[in-house]
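Student: I would like to take a close look at a single part of this model, the nonpolar core and what surrounds it. Please go through it in one connected answer.

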Amino acid sequence: MKSNSFDRFEPYLIPFADHPVLQQRVLHVLERLPADVQEDFLEDPRFRVTVDNYQAGVGWSLLMPAPGVNGEGSRCVVLRLKLNDASEHFAWYVIAHEFAHAYLRNGGWGEITDIEEAADALADSWGFSRPRRFV
């Protein structure tokens with residue numbers, strides 16, 4: 001039986017239907033985001049989550065508008081299937097980090113102007129810190 005959270009976030013979970021472990025990890029992170037972040041994602045039709053479709057020798061394809069000025073354009077988070085097999089905490093961190101990029105529209109956060117540091121700091125503020133061995 002699906003949870004209310006699953007129903008609420010279903011558009012972001014459908015791409016992972018063939019990967020239930022990763023699907024549950026994406027849901028875990030979405031459920032733990034602050035309410036204002038959840039609403040920002042749910043209310044913006046530009047926000048979506050999809051799986052990386054890379055194929056060795058072929059490459060990958062993903063059609064989306066490039067991010068534009070003032071947060072216009074796509075806010076697409078593309079997650080790799082190897083997050084299905086990674087440690088749970090590392091996967092949660094990567095998913096939250098990528099959601100932070102989408103929330104920040106690939107910009108800074110407060111005094112932090114480096115976009116990678118900003119995404120790390122925001123994900124950490126949500127309870128998803130970078131695992132120590134990757135610091």
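Student: Which residues of the largest nonpolar core touch the most other members?

Tutor: In this predicted model, the largest nonpolar core has 35 residues, and those that touch the most other members are Val-26, Phe-99 and Trp-126. The elements that each supply at least two residues of this core are the helices α1 (4-13), α2 (20-32), α3 (35-43), α4 (88-103) and α5 (115-125), together with the strands β1 (47-51) and β2 (75-79). Of these, α4 gives the largest share, nine residues.

Phe-99 is a useful place from which to look outward. Leaving out residues up to four places away in sequence, Phe-99 touches Val-26, Val-29, Leu-30, Leu-33, Phe-41, Phe-47, Val-49, Val-77 and Trp-126, a list that includes both of the other residues named at the start, Val-26 and Trp-126. Phe-99 and Trp-126 also belong to one aromatic cluster, whose other members are Tyr-12, Phe-41, Phe-47 and Tyr-103.

A search of the whole structure for aromatic pairs finds seven. One of them, formed by Phe-41 and Phe-47, is stacked, with 3.8 Å from centre to centre and 5° between the planes. Both partners of this pair are also buried: Phe-41 counts as such because its relative accessibility is 1%, and Phe-47 because its relative accessibility is 3%, where the cut-off for buried is under 20%.

Turning to the strands, β1 and β2 run parallel and are joined by five bridges, and Val-51 stands opposite Leu-79 in β2. Four of the five residues of β2 are buried, so this strand is largely enclosed by the rest of the structure.

Strand β2 also contains Arg-75, a residue that, at 3% relative accessibility, counts as buried. Apart from neighbours within four places in sequence, the residues in contact with Arg-75 are Asp-40, Phe-41, Asp-44, Arg-46, Phe-47, Arg-48, Ala-102, Tyr-103 and Arg-105; among them, Phe-41, Phe-47 and Tyr-103 are members of the aromatic cluster described above. With Asp-40, the side chain of Arg-75 makes a polar contact of 2.5 Å. Arg-46, also in contact with Arg-75, is 29 residues apart from Arg-75 along the chain, yet their C-alpha atoms are separated by 5.4 Å.

Technical notes:
Residues numbered from 1 in each chain as written. Predicted model: local features only at pLDDT ≥ 70, side-chain atom pairs only at ≥ 80, totals over all residues. Heavy atoms only, no water. Phe/Tyr/Trp six-rings, centres within 6.5 Å; stacked < 30°, edge-to-face > 60°. Buried < 20%, exposed > 50% of the residue type's maximum accessible area, 1.4 Å probe, protein only. Core = buried A, V, L, I, M, F, W, Y, C linked by side-chain atoms within 4.5 Å. Contact = heavy atoms within 4.5 Å. Pairing = 2+ DSSP bridges. Polar contact = N/O pair within 3.5 Å; in protein donor to acceptor, adjacent residues only side chain to side chain.
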